[in-house]
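Please have a look at the complex below before reading on. A short tour follows, with a few pointers on where to look.

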Amino acid sequence: MASTAEIQSGLAEILEEVAGVAPADATPEKSFTEDLDVDSLSMVEIATAVEDKFGVAIPDDELGGIKTVGDAISFIEKHQ
Amino acid sequence: MNFNNGDVVVTGLGATTPLGADVPSTWDALLAGRSGVTRITDEWVQPFPAQLVARLAEEPAEKIDRVRSRRLDRSQQVAVVAAEEAWADSGAGDAGYDSLRVAVVIGTGIGGALTLLGQDDILEEKGPKRVSPFTIPMLMPNGPAAAVGLAIAARGGVHAPVSACASGAEAIRWGLDMLRLDRADVVLVGGAEACVHPLPMAGFASMRAMSTRNDDPEHASRPFDAGRDGFILAEGAACLVLERADAAKARGAKVYGRVAGAGGTSDGYDLVAPHPEGEGAQRAIGAALRDAGLTAADIGHVNAHATSTPVGDIAEAAAILESIGDHAAVAATKSQTGHLLGAAGALESVFCLLALRDQVIPGTQNIEQLDDAAAVQKLDIVRGEPRKATFSAALNDSFGFGGHNMALVFPTA
């Protein structure tokens, strides 16, 4: 089980790799689309990377509900 | 319908090629007689009859950052590199043009083959869920045009002619048409290709279209030479910025020359073999001259398509002789660049404009014994060193599998 801090830093690594988001910017309150300029296709890549890193699959009907970095952290915590 | 009969000029050039990372370095290398051809040393090439290639002088990653690169196929990356150079060179981005009147036309022969084939490998190995969500926007043939449209924020239309090795030339014709039809005020045109991969290599080799002179890379591309045995697959892109002469003059833009005429025809003869006398090519050249309001006597230089295939070079020589005559100085620059397929017509148009600017004809390399076909013998092919010349108009030929013929006329401004 990864801790919240571990999930946040793991997610920050994914965001840096996929979308060039600076790790310091990947904080829980940030919106993927509004604040971090992550588009819908990049969100699909992020979901795949999350599955690889944390073993948590994000179904398509859940992905749309994940708006912020904090939403993603909560989802991973709940399902890991 | 609105028409605009004003002259169209070229105000910006860009390229990334096997000879150089940009236009100045490519042109210098061309005039210095250097070759961009090398032998592939990767393990996979061992069973291949044709092992030569002309790779980019500089990787696109030198100019495009990692995050942007990972969602662009290599064909899109080279297009963006060449387009950004041309756009900056023209100064059109700072000229106050309304983005609604800025258009892009970038052709490609093959499109995003590296993405298609790479993602197919992932599909086979890891299953459908691992296929990238960027697969389709990266492999689509309009991908290079769309990526360039995004790079310069063009909102007046983005188009992608696909006519095999005539695509780059056809893009220039479309750009000219768009300005004449008053559909745009500035059009960034060009061609892009990046498909160095075992499958295209195998396909072209199976057609017996590629040179197998594996032990002598620099001398393998030898248009019009008796010993030519096929083309060399090359990668790269070239772009030109087209605007109306009056607008370019008003803003004090540097002008390389005019695009005064374009001709496009189809052979209606065979899917891949050219008509033996270049009948369709002759009609394309004739149409381009009439469109430009010039005659054959006005053309001082021809940059030939001349890919170094046994059949193609002879048919083109016949077409040039018939429709231009024997007075024009002919150059076959693929002897150094290899064949950039859908980017070839754009790159060779860039060469035409630089030849016009510098009043110099590039030399054709690797002709040891000129083919004994009568038409080849009669043409004034510049061999070896570049030749100083005084001329006021150049013509570029481009042909593609499918029976496509394109001719473009570039006079001085």
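The report below covers confidence, the domains of chain B, a small sheet, the contact between the chains and an annotated serine.

## Confidence in the model

Keep in mind that this is a predicted model. The predictor assigns the complex an ipTM of 0.91 and a pTM of 0.97. For chain B, the average pLDDT is 97, and 100% of the residues score at least 70.

## Two domains in chain B

Chain B splits into domain 1, residues 8-250, and domain 2, residues 261-411. Taken over C-alpha atoms, the centres of domain 1 and domain 2 of chain B are separated by 20 Å. Their contact draws 58 residues from domain 1 of chain B and 55 residues from domain 2 of chain B.

If you would like to trace the domain 1 side of this contact, several elements of chain B each supply at least two residues to it, including β1 (8-16), α1 (23-31), β6 (186-193) and β8 (236-244). Helix α7(B) gives the most to the side of domain 1 of chain B that touches domain 2 of chain B, namely 8 residues. By class, that side of domain 1 of chain B holds 32 nonpolar, 18 polar and 8 charged residues.

## A three-stranded sheet

Chain B also has an open sheet of 3 strands, in the order β2-β3-β7, with mixed pairing. In chain B, β2 (38-39) and β7 (233-234) each have a single partner strand and stand at the edges, so one side of each is left without a neighbour in the sheet.

Strands β2(B) and β3(B), the latter spanning residues 52-54, run antiparallel and are joined by 2 bridges. To find this pairing in the viewer, start from B:Thr38, whose bridge partner in β3(B) is B:Val53. Strand β7(B) is also worth a second look: besides standing at an edge of this sheet, β7(B) supplies at least two residues of the side of domain 1 of chain B that touches domain 2 of chain B.

## Where the chains meet

The contact between the chains takes 6 residues from chain A and 4 residues from chain B. On the side of chain B that touches chain A, there are 3 nonpolar residues, 1 charged residue and no polar ones.

## An annotated serine in chain A

Which residue does the UniProt annotation "modified residue: O-(pantetheine 4'-phosphoryl)serine" cover? According to that unreviewed entry, the annotation covers A:Ser40. A:Ser40 lies in helix α2 of chain A, which comprises residues 40-54.

Is A:Ser40 buried or exposed? A:Ser40 counts as exposed because 11 C-beta neighbours lie inside 10 Å, and a residue with 12 or fewer is classed that way.

Notes:
Residues are numbered from 1 along each chain as its sequence is written. Chains are lettered from A and ligands numbered from 1 in the order in which they are written. This is a predicted model: local features need pLDDT of at least 70, side-chain atom pairs count only at pLDDT 80 or more; totals for chains, interfaces and linings use all residues. Two strands pair if DSSP finds at least two bridges between them. Helices (H or I, at least four residues) and strands (E, at least two) are DSSP runs, numbered from the N terminus. Two residues are in contact if their C-beta atoms, placed from the backbone, lie within 7 Å. Ala, Val, Leu, Ile, Met, Phe, Trp, Tyr, Cys and Pro count as nonpolar, Asp, Glu, Lys and Arg as charged, and the others, Gly among them, as polar. Domain bounds come from an automatic or database domain assignment. UniProt positions are given in the numbering used here, feature names are shortened, and annotations may be inferred rather than shown by experiment. A residue is buried if 20 or more other C-beta atoms lie within 10 Å of its own, exposed if 12 or fewer, and partly exposed in between; C-beta atoms are placed from the backbone. pLDDT is the predictor's confidence in each residue, from 0 to 100.
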